[in-house]
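Here are a few short exercises on charged side chains. Try each one yourself before you read the solution.

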Amino acid sequence: MSSTTTATTPAERTGAHTDEAAARERIDALDDRIIGLVQERMAVSAVIQEARITSGGRRVNLSRETAVLGHYRDALGKPGTALAMTLLELCRGRV
């Protein structure tokens with residue numbers, strides 16, 4: 001792919017428009033998708049926790065949580081760790 005066909009600006013790479021209203025609509029749509037994914041993660045986590053508890057295990061797997069924290073930190077930096085902590089908190093103890 002030549003440099004003339006490669007998207008170079010953030011707006012070009014993300015599909016954001018220069019129109020502020022359109023960009024805000026895109027952000028709102030992304031937020032709705034993120035919320036849906038978090039809710040899906042919570043549901044999957046509840047199934048895993050239930051299975052773990054039923055088999056005599058603990059509700060929380062600390063080594064798994066540590067891996068999740070590291071994954072988010074590696075991908076997003078220090079704020080990623082805070083985001084992962086929030087996700088883990090949302091997903092704990094729902095069974």
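**Exercise 1.** Which residue forms a salt bridge with R73?

Start with the ground rules. You're looking at a predicted model, where local features need pLDDT of at least 70, side-chain atom pairs count only at pLDDT 80 or more, and totals for chains, interfaces and linings use all residues. Residues are numbered from 1 along each chain as its sequence is written, and side-chain values use heavy atoms, with hydrogens and water left out.

Next, the criterion: a salt bridge is a side-chain nitrogen of Lys or Arg within 4 Å of a carboxyl oxygen of Asp or Glu. The partner is D74, with the closest N and O atoms 3.5 Å apart.

Now check accessibility. Buried means under 20% relative accessible area, exposed over 50%, and partly exposed in between (1.4 Å probe, protein chains only). R73, at 44%, is partly exposed, while D74 is exposed at 61%.

**Exercise 2.** Find the salt-bridge partner of R92 and place both residues.

R92 pairs with E65, and their closest N and O atoms are 2.7 Å apart. This pair links distant parts of the chain, 27 residues apart: R92 is in the segment after α4 (78-91), E65 in helix α3 (residues 62-76). Helices here are DSSP runs (H or I, at least four residues), numbered from the N terminus, and strands are runs of E, at least two. As for accessibility, E65 is buried at 12%, but R92 is partly exposed at 29%.

**Exercise 3.** Why are R24 and E20 about one helical turn apart?

Because they sit four residues apart in helix α2 (residues 20-54). Their side chains meet in a salt bridge (2.7 Å, N to O), and R24 is exposed at 53%.
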